[in-house]
Amino acid sequence: MSTPKERHTSRHASRPAPRRVTVDAHAKLNLGLAVGPRRSDGFHDLVTVFQSISLHDTLTATRTARGFTLRVRHEPAAARGRVARPTLRAVTSGPDNLVLRAARLLATRLALPGGARFTLVKRIPARAGMGGGSADAAAAIAALLALYGRRLSAAEKTACALELGSDVPFAFVGGTALGMGRGELLRPLRLGAPFRAVVAVPDWRISTRAAFQRHDQVRKGLTPWRHHLRFARTVGRQRVEALALMRRGNRFEAVLGRRRRDLDSLCARLRAAGLVEPHLTGSGSAVFAIAPRGESVREIVARFAGDEPLFTVRSVRRALRLHVHAPVARPGKGTRTGAPPNAGARGRRRTRAS
Ligand code: C5P
């Protein structure tokens, strides 16, 4: 009798690589974020808890003979309002898009024999601290691995991810995770209870690099770094609660400069609508707050006074969902063996992206 591992391996060995896959790539929030001193490589050590949320982009990849192309379609996903034009324009289909950068990186590393045509349905607001670009990069890598039937070890995947951005390692793992180092040292945590939140996206933007630079300049009122490291050592022995993590605060709120008043105004309006504990995610500028259990999120959104687009989200346990478009045999229509590759109805198989 075969072991579960052998059965798993043989299943994969007999399955032809698909020609087309679709990956749902989920946004993230930071439930608390502390920043340490600048390191010799120019980056900063962090202590944060990443949380995947239901809002996602969708990337479809089709195998081609050579080269990579990308088409981007923006799909409005806000429960109220619309994301400002400049934010939409920030995501182009040009060579700097993280999908294409990730694809080129992987193709070089693994010497892939062909290319892919990508279509990205973009719903996650860009440059808002929600990890949208990182999610798309991870999705591109997961898609190519599936299309070409290849694998990367965890260490290779982290190395690839870090070349693309500090949030990309989490974008592969998802769920709830303590993030340290640049964000690549990840420890899965158990979320005590799922939550619903509202994310507001102001039309101003913050450069992540500038936010870290301001952190270096403003030391006043900073909780000693060793307190955060102590928290990181002890967190996760039991289940974590989103609100308790958020109350630890986000370091970038203290270094917003002239935008601080905008943040305070937005937080006050989110509270007035009935939301709890508003905070920046990442270096901003998106602000999220928890919807109290038992209250109608729709009514909360309707009560909000402001022009900022609002997204209603919930915590989810994965960052990537891979759907394989594979030819499958029609049930009851003869034997599967020897059937031509296109015989039968086309099917979609959902798997965990690895
Ligand atoms: O890695 P990512 O592209 O998100 O980083 C953008 C910039 O933010 C980096 O070039 C660096 O200046 C800064 N950064 C940092 N420490 C981190 C993450 C980012 O200093 N942990």
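The legends below describe close-up views of a predicted model, covering its cavities, a selection of its salt bridges and one of its helices.

**View 1. The largest cavity and its lining.** Two cavities of 30 Å³ or more are found when the whole structure is searched, and the one shown here, the largest, holds about 80 Å³ of space. Its lining is made up of Leu31, Gly32, Leu33, Ala34, Val47, Thr48, Val49, His228, Phe231, Leu245, Arg248 and Gly249. Strand S1 (20-38), strand S2 (44-64) and helix H8 (225-234) each contribute at least two residues to this lining, and S1 gives the most, with four residues. By class, the lining of the largest cavity comprises seven nonpolar, four polar and one charged residue.

**View 2. The second largest cavity.** The volume of the second largest cavity is about 40 Å³, and the residues around it are His26, Lys28, Gly131, Ser134, Ala135, Asp167, Phe170, Ala171 and Ala319. Two or more lining residues come from each of S1, helix H4 (132-147) and helix H6 (168-173). The lining of this second cavity divides into four nonpolar, three polar and two charged residues.

**View 3. Salt bridges at Glu75.** Glu75 meets the side chain of Arg73 in a salt bridge with an N to O distance of 3.4 Å, and a salt bridge also joins Glu75 to Arg123, where the closest N and O atoms are 2.8 Å apart. The pair of Arg123 and Glu75 connects distant parts of the chain, 48 residues apart, with Arg123 in the loop between strand S4 (115-122) and H4, and Glu75 in the loop between strand S3 (68-74) and helix H2 (85-89). Arg123 has a relative accessible area of 18% and is therefore buried, the cut-off being under 20%. Glu75, at 29% relative accessibility, counts as partly exposed, and Arg73 is likewise partly exposed, with a relative accessible area of 43%.

**View 4. A salt bridge within helix H10, and a network of charged residues.** In the helix, Arg260 and Asp264 form a salt bridge whose closest N and O atoms are 3.2 Å apart. Both residues belong to helix H10 (residues 260-272), in which they are four residues apart, about one turn of the helix. Arg260, with a relative accessible area of 35%, is partly exposed, and Asp264, at 38% relative accessibility, also counts as partly exposed. Elsewhere in the model, salt bridges link Arg39, Asp41 and Asp45 in a network. The count of salt bridges comes to 13.

**View 5. Helix H3 and the elements that cover it.** Helix H3 (residues 98-110) has 13 residues, which at 1.5 Å a residue should span 18 Å, and its end C-alpha atoms are 18 Å apart, so the expected span and the distance in the model agree. The buried residues of H3 are Leu98, Val99, Leu100, Ala102, Ala103, Leu105, Leu106, Ala107 and Leu110. The elements covering these buried residues include S2, S3, S4, H4 and helix H5 (154-164). Two of the elements named here also appear in the earlier cavity views, since S2 supplies at least two residues to the lining of the largest cavity, while H4 gives two or more to the lining of the second largest cavity.

Conventions. Residues are numbered from 1 along each chain as its sequence is written. This is a predicted model: local features need pLDDT of at least 70, side-chain atom pairs count only at pLDDT 80 or more; totals for chains, interfaces and linings use all residues. Side-chain values use heavy atoms; hydrogens and water are left out. On a 1 Å grid over the protein atoms alone, a cavity is a set of points where a 1.4 Å probe fits but cannot get out, and a pocket is an open set with protein on both sides within 12 Å along at least five of seven lines; lining residues have an atom within 4 Å of a point. Grid points are joined across faces, edges and corners, and a volume is the space filled by probe spheres set on the points. Ala, Val, Leu, Ile, Met, Phe, Trp, Tyr, Cys and Pro count as nonpolar, Asp, Glu, Lys and Arg as charged, and the others, Gly among them, as polar. A salt bridge is a side-chain nitrogen of Lys or Arg within 4 Å of a carboxyl oxygen of Asp or Glu. Buried means under 20% relative accessible area, exposed over 50%, partly exposed in between (1.4 Å probe, protein chains only). The expected span of a helix is 1.5 Å times one less than its number of residues. Contact means heavy atoms within 4.5 Å.
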